[in-house]
Amino acid sequence: MKRKYGTRLKDYFTNDVIVVALFILAIISGSVYALYIKDRDSSVFLMLNNYILLDAKTSFQIEKVLSSIYGYFKQLIVIWLFGLFAFTLPLSLGAFFIMVFSYAFTTTCIILIYGIKGLMVAVFAYGLQAIIMLAIAMYLGISSIRKSSLKVPYVFGNNFLGIIPMAAGSCVIALLDVLTISNLHYIVTLLL
């Protein structure tokens, strides 16, 4: 009887490498695109600067928390739903790529606006939320690829439990998001 532990471990490693490579490619693409439009279109930078310095002064409101929860949960649910089936897996990975690209683009823009202090602004503005969000999204991407490469029959009930961590993560991210955004103006003022 042959054992296939090495092959299974190799498949798991390959699946992880695909998601990590996509993650790195999205970071590089987002950063390069921000550098590309730096001299061509300053309206993005002006809009981001105005938001950070002026528009971020908001009070804590339950409607903002709920809309933030909905927004984060919607992004994760798209990655999860498209990852359920092998033929929609590229859409799941595309949604993951877009999420990472947007974080990289925004961080690079903030760094270009404020210099090295912009990195601290980005960390305080959405650093913890982004880490949680990307960790959940990476887990969903890796598990989707692993599931699609297995040769076992599909059972929907086993995958339905994945909604619980996404909902809990979305709630935590949204709460952190609303708390930091409401204090972002003060954080930027202290850092700059």
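# Helical packing, an aromatic cluster and a pocket

Among contacts in the chain between residues at least 6 apart in sequence, 84% join residues at least 24 apart. The model described here is predicted. Its secondary structure amounts to eight helices and zero strands, and the pattern along the sequence reads α-α-α-α-α-α-α-α. Of the 192 residues in the chain, 36% are buried.

**Helix 4**

Helix 4 covers residues 89-114, which is 26 residues. From first C-alpha to last it reaches 38 Å, close to the 38 Å expected at 1.5 Å a residue. Just after this helix, G115 adopts a positive phi of about 75°.

I98 is one of the residues found in helix 4. Its relative accessibility is 58%, and I98 therefore counts as exposed, the cut-off being over 50%. In sequence, I98 and G30 are 68 residues apart, while their C-alpha atoms are 9.1 Å apart in space.

**Aromatic pairs**

The whole structure contains six aromatic pairs. One of them joins Y33 and F105, whose ring centres are 5.7 Å apart with the planes at 35°, so this pair is tilted. Because Y33 lies in helix 1 and F105 in helix 4, the pair ties together parts that are 72 residues apart in sequence. The rings of F97 and F101 have their centres 6.2 Å apart and their planes at 25°, so that pair is stacked. F97 and F101 are four residues apart in helix 4, and so about one helical turn separates them.

A pair of aromatic rings is described by the distance of the centres and the angle of the planes. Why, then, is the F97 and F101 pair stacked and the Y33 and F105 pair tilted? The planes of F97 and F101 stand at 25°, which is under 30 degrees and therefore counts as stacked. The planes of Y33 and F105 stand at 35°, which is neither under 30 degrees nor over 60, so the pair is tilted.

Y33, Y36, F97, F101 and F105 form one aromatic cluster. The table gives the accessibility of residues from this cluster.

| Residue | Relative accessible area | Class |
|---|---|---|
| Y33 | 39% | partly exposed |
| F97 | 22% | partly exposed |
| F101 | 24% | partly exposed |
| F105 | 15% | buried |

F105 counts as buried because its relative accessible area of 15% is under 20%. F97, at 22%, is partly exposed because this value lies between the cut-offs of 20% and 50%.

**The second largest pocket**

The second largest pocket holds about 270 Å³ of space. Its lining consists of 16 residues, and Y103, A104, T107, Y126 and A130 lie nearest the centre. Which helices supply at least two residues each to this lining? They are helix 1 (5-38), helix 4 and helix 5. Helix 5 gives the most, with eight residues. By character, the lining of the second largest pocket divides into twelve nonpolar residues, four polar residues and no charged ones.

**Q129 in helix 5**

Helix 5 spans residues 117-149 and includes Q129. Is Q129 buried or exposed? With a relative accessibility of 2%, Q129 counts as buried, because the value is under 20%. Leaving aside residues up to four places away in sequence, Q129 touches I173, L176, D177 and T180.

How values were computed:
Residues numbered from 1 in each chain as written. Predicted model: local features only at pLDDT ≥ 70, side-chain atom pairs only at ≥ 80, totals over all residues. Heavy atoms only, no water. Expected span 1.5 Å × (residues − 1). Buried < 20%, exposed > 50% of the residue type's maximum accessible area, 1.4 Å probe, protein only. Contact = heavy atoms within 4.5 Å. 1 Å grid on protein atoms, 1.4 Å probe; cavity = no way out; pocket = protein on both sides within 12 Å on 5 of 7 lines; lining within 4 Å. Points joined across faces, edges and corners; volume = space filled by probe spheres on them. Nonpolar A, V, L, I, M, F, W, Y, C, P; charged D, E, K, R; others polar. Phe/Tyr/Trp six-rings, centres within 6.5 Å; stacked < 30°, edge-to-face > 60°.
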